[in-house]
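Reader: I'm new to this one. Could you show it to me and explain what the terms rest on?

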Amino acid sequence: MTVRAETGDVGRHAARVGAALDAFLADGSDALERRPEWTAALDRPLPEQGLGADGVLGELERHVIPNGTRLSEPGFWGWITTGPTTIGAVTTLAATVAAPQRATLTAFNLLEEVSLGWLAELCGLPAGMKGVYSSGGSTANLVALGAARQWALERAGLDPAADGLDGRPLAIYASAEAHHTVQRAAGVLGLGRRAVRVVGVDDRGRLDPGALRRALAQDAAAGVLPVAVVATAGTTNTGAIDPLRAAGELAREHGAWFHVDGAYGLLGILDERVADRYDGLELADSAIVDPHKWLRAPVGIGATFVRDRAILHRAFTQEPAEYLEGSFTDPQDARVSLDAMGVPYQDFAVELSSPARGAVVWAILRELGREGVRALIRADNDLARRLADRVRVSERLELLLEPELSICCLRHRAPGAADPDALNAALLRRLLQETPYLPSSTLVGGRLAIRPCFINARTEPGHVDDFAAAVERIGDELVAAAA
Ligand SMILES: *Cc1c(COP(=O)(O)O)cnc(C)c1O
């Protein structure tokens with residue numbers, strides 16, 4: 001018999017999935033160990049006959065959910081991505097069913113705008129900045145730099161969204177520690193990756209304003225049009241915050257757009273101990289933040305903010321002739337929500353169909369409030385400081401960089417080792433294999449660092465202490481074995 005799709009009974013099925021997820025969170029995953037088993041169960045030919053919803057639920061429970069990733073485990077500190085907290089996960093389900101699109105006059109369309117406003121305020125962005133959600137920092141940077149391109153070329157008498165580029169040399173300026181999605185955005189926007197001038201950094205990984213000034217001056221002399229200066233508020237490698245005021249003022253001086261990439265670190269401004277490092281944020285023409293990073297939203301949510309969304313509309317509209325107002329219908333006239341589209345987010349970025357991400361961000365901020373978010377940011381920064389303190393008092397460990405936000409870069413001193421980098425690389429491999437801790441690695445001043453990034457809602461201070469002890473122990477063993 002042909003199976004038809006189940007269209008109701010969400011509660012019963014969701015409860016089954018919920019129970020399986022709770023078990024997964026309690027047990028953790030060792031997907032790699034069981035790989036032959038789940039590969040055999042799942043990698044099968046296209047089924048001729050459907051299994052029905054209950055059958056699929058059974059496979060989800062048995063083979064899929066238990067073999068997910070370890071991102072939600074308390075010791076996962078590798079990427080700036082983490083397992084979502086409960087309210088974000090279940091609100092995603094709610095939005096999927098109740099508002100499969102963000103458009104039209106619904107509570108979800110309103111929450112898109114409400115949560116963007118809350119997020120901008122929370123991050124200390126200049127009053128009046130407006131935003132749009134997209135799938136994450138990569139797209140959010142693309143959208144911001146698309147606005148920069150539109151703005152810079154309009155001032156030169158060109159409409160790049162309508163007419164494309166005219167071959168004149170253009171440049172974007174970003175530090176060597178900036179995220180490489182800046183280069184990708186430059187490629188997609190037709191400027192080319194090589195249009196990104198890579199500016200040097202100081203010994204703490206922060207953009208060097210002197211180097212930026214020289215790069216801008218050199219290009220100005222060569223007739224290159226400066227499109228945007230990109231500063232990072234919380235670099236991916238080490239959490240460094242670029243000197244925003246100096247970068248923003250140089251951008252102004254040279255007539256360039258000033259973009260702040262705060263995908264990870266913009267929320268760090270909530271920690272009073274480091275808030276002054278964001279001085280100059282008010283100069284930003286655009287800024288991005290990823291709720292799916294420090295706010296622990298499910299992956300797929302980034303936000304771009306600009307001073308005036310009309311620039312986004314000109315850069316990204318599908319209907320260049322139709323100006324903003326044309327997309328609104330007066331809510332007074334609307335008899336059903338489909339009579340009016342609500343805020344036309346589809347014209348502010350690159351997606352038409354899009355999930356209602358705002359409700360998810362709203363739910364997280366409603367659950368925690370400003371104080372709750374501040375507490376989690378402080379607690380994560382505290383974990384990095386706790387680890388740094390622990391490293392400082394250890395004779396065998398070395399702190400490679402004082403933590404700025406919630407990233408701590410350390411390594412084993414590897415006394416007597418011929419190649420301390422290689423020893424620490426081996427140490428990291430053993431950590432991942434033998435302990436519940438999954439930091440990543442990076443280079444600090446050319447030296448290999450073990451790099452935990454604390455944004456994980458499930459991490460406790462005791463995990464950090466235990467991790468430090470594990471680094472000492474495994475490092476000692478490797479040193480002894482090499483001697
Ligand atoms: C993570 C990150 C990005 C990219 O964001 P995605 O959400 O992974 O696409 C961009 N910039 C910075 C500074 C980041 O940390």
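**Two helices and a ligand**

Author: Let's start where Arg 12, His 13, Arg 16, Val 17 and Ala 20 of helix 1 meet Ala 53, Asp 54, Leu 57, Gly 58 and Glu 61 of helix 3. Contact here means heavy atoms within 4.5 Å, and helices are DSSP runs (H or I, at least four residues) numbered from the N terminus. This is a predicted model, in which local features need pLDDT of at least 70 and side-chain atom pairs pLDDT 80 or more, while totals for chains, interfaces and linings use all residues. Residues are numbered from 1 along each chain as its sequence is written, and side-chain values use heavy atoms, leaving out hydrogens and water.

Reader: Why are helix 1 and helix 3 called roughly parallel?

Author: Their axes cross at roughly 10 degrees, and angles under 35 degrees count as roughly parallel. Helix 1 and helix 3 therefore earn that name.

Reader: What makes the link between Ser 138 and the ligand a polar contact?

Author: A polar contact is a pair of N or O atoms within 3.5 Å. A polar side-chain atom of Ser 138 lies 2.6 Å from a ligand oxygen, so the pair falls within that limit. For Asp 261, a side-chain N or O atom is 2.7 Å from a ligand nitrogen. For Lys 293, such an atom is 2.9 Å from a ligand oxygen.

Reader: Which helix gives the most to the shell around the ligand?

Author: Helix 6 (residues 137-155) does, with three residues.

Key: Axes are lines fitted to C-alpha atoms, for helices over the stretch in contact, and angles run from 0 to 180 degrees between N-to-C directions. Angles under 35 degrees count as roughly parallel, over 145 as roughly antiparallel, 65 to 115 as roughly perpendicular and the rest as oblique. A polar contact is a pair of N or O atoms within 3.5 Å; within protein, one must be able to donate a hydrogen and the other to accept it, and residues adjacent in sequence count only if both atoms are side-chain atoms.
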